[in-house]
Amino acid sequence: MLYRRCRASFFYLWVMEYRMLETLHLRLRPLTGAKWREILLEWPTPDALAFLGIDPLTYEKDRRKAEGGFESFNKKLLLFHLIDRTTDEVVGWCGYHTWYIDHGRAEIGYVMTSEAHRKRGLMGEALEAVLAFGFSDLQLHRVEAMTATYNDASNRLLAKFGFRYEGLLLEHYRVGDKHEDSQLFSLLASEWRDLRT
């Protein structure tokens, strides 16, 4: 019960199972699926929602996702909040939403939620830091990414980091009442190291 009265600064200390990452313009705050779920379900206060970067208007949808669980015995979630270093505002997230620990494989995802922070190269900064962390600290062997066929900006970003196109997944992702195709990209740890030498 004591924790329910805590401010966002306490949440920061409490969730730090992994180290904070920093880039030129961003701080990347780690958050596991278990901690995300616990905060969202146990402490849905305005401070907690602000800490998670959740709009109070979408809380019910996010709560239902949390109730279903983000993780299982062999699959984990590790996201990083993207925090503007000058304003301390949560402007997006980048991380591993499907991390198969036993196989050293994870799917990476990213979203810039702040319109004002788009098209400034910030997601490239974040992706560089999160990939480096994944291949070193998490000992990932393979990182996968899936994009919509029409998401040219995301496709260019993945190409910049050496991701290789592997194929098209037909009617793979549901958007509204329609199933759309997804493009599958991958990057191996050895390829990541080769590109950095």
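Which residues are buried in helix H7 (residues 189–196)? I began my reading of this predicted model with that question. I found Ala189, Glu191 and Trp192 to be buried there. They cover an arc of only 165 degrees around the axis, which puts them on the same side of H7. I then looked up what lies against them: the buried residues of H7 pack against helix H5 (122–136), S7 and strand S8 (178–188).

**Entry: the chain overall**

I noted 7 helices and 8 strands in the secondary structure of the chain. Of the 197 residues, 45% count as buried. I recorded an accessible surface of about 11100 Å² for the chain, with 52% of this area belonging to carbon and sulfur atoms. Among contacts with a separation of 6 or more, 57% are between residues 24 or more positions apart.

**Entry: helix H5**

I turned next to H5, one of the elements against which the buried residues of H7 pack. H5 has 15 residues and spans 21 Å from its first C-alpha to its last, close to the 21 Å expected at 1.5 Å a residue. I asked how many of its residues are buried. The count is 12 of the 15, so H5 is largely enclosed by the rest of the structure. I listed the buried residues as Leu122, Met123, Gly124, Glu125, Ala126, Leu127, Ala129, Val130, Leu131, Phe133, Gly134 and Phe135.

**Entry: arginine 142**

I located arginine 142 in strand S6 (residues 142–148). Is this arginine buried or exposed? I entered arginine 142 as buried, because its relative accessibility is 17% and the cut-off for buried is under 20%. Leaving aside neighbours within four places in sequence, I found arginine 142 in contact with Gly104, Arg105, Ala106, Phe135, Glu166, Ser186, Leu187 and Leu188. Phe135 in this list is also one of the buried residues of H5. For Leu188 I looked up the backbone as well: its C-alpha atom is separated by 4.5 Å from that of arginine 142, although the two residues are 46 residues apart along the chain.

**Entry: salt bridges**

I recorded 9 salt bridges in the structure. Arginine 142 forms one with glutamate 144, and the closest N and O atoms are 2.7 Å apart. Glutamate 144 is buried, with a relative accessible area of 11%.

I then followed glutamate 144 to a second partner, arginine 105, which its side chain meets in a salt bridge at 4.0 Å, N to O. Glutamate 144 lies in strand S6 and arginine 105 in strand S5 (residues 105–112), so this pair ties together parts that are 39 residues apart in sequence. I noted arginine 105 as partly exposed, with a relative accessible area of 26%.

A further salt bridge brought me back to H7: arginine 164 pairs with glutamate 191, the closest N and O atoms being 1.8 Å apart. This pair links distant parts of the chain, with arginine 164 in strand S7 and glutamate 191 in helix H7, 27 residues apart. Arginine 164 counts as partly exposed at 42% relative accessibility, whereas glutamate 191 is among the buried residues of H7. Which residues are joined into one network by salt bridges that share partners? I listed Arg105, Arg142, Glu144 and Glu166.

**Entry: positive phi values**

I looked up two residues with positive phi. Most residues other than glycine have a negative phi. Aspartate 88 has a positive phi of about 65 degrees although it is not a glycine. I placed aspartate 88 in the loop between strand S3 (75–84) and strand S4 (90–100). Glutamine 139 likewise has a positive phi, near 55 degrees. I found glutamine 139 in the loop between H5 and S6, where it is exposed with a relative accessible area of 59%.

**Entry: serine 154 and a surface patch**

I placed serine 154 in helix H6 (residues 152–160). Serine 154 is buried, with a relative accessible area of 7%. Not counting residues up to four places away in sequence, I found that serine 154 touches Tyr110 and Thr147.

My last search was at the surface. Which residues make the nonpolar patch of about 340 Å²? I identified Tyr150, Tyr173 and Val175. Valine 175 is in strand S7 (residues 164–175) and counts as partly exposed at 36% relative accessibility.

Definitions and conventions. Residues are numbered from 1 along each chain as its sequence is written. This is a predicted model: local features need pLDDT of at least 70, side-chain atom pairs count only at pLDDT 80 or more; totals for chains, interfaces and linings use all residues. Side-chain values use heavy atoms; hydrogens and water are left out. Patches are made of residues with over 30% relative accessible area and no salt bridge: like charges are joined within 9 Å, nonpolar side chains (Val, Leu, Ile, Met, Phe, Trp, Tyr) within 5 Å. Accessible areas come from the Shrake-Rupley method with a 1.4 Å probe; for residues, only the protein chains shown count as cover. Helices (H or I, at least four residues) and strands (E, at least two) are DSSP runs, numbered from the N terminus. Buried means under 20% relative accessible area, exposed over 50%, partly exposed in between (1.4 Å probe, protein chains only). The arc is that of the directions from the helix axis to the C-beta atoms. Contact means heavy atoms within 4.5 Å. The expected span of a helix is 1.5 Å times one less than its number of residues.
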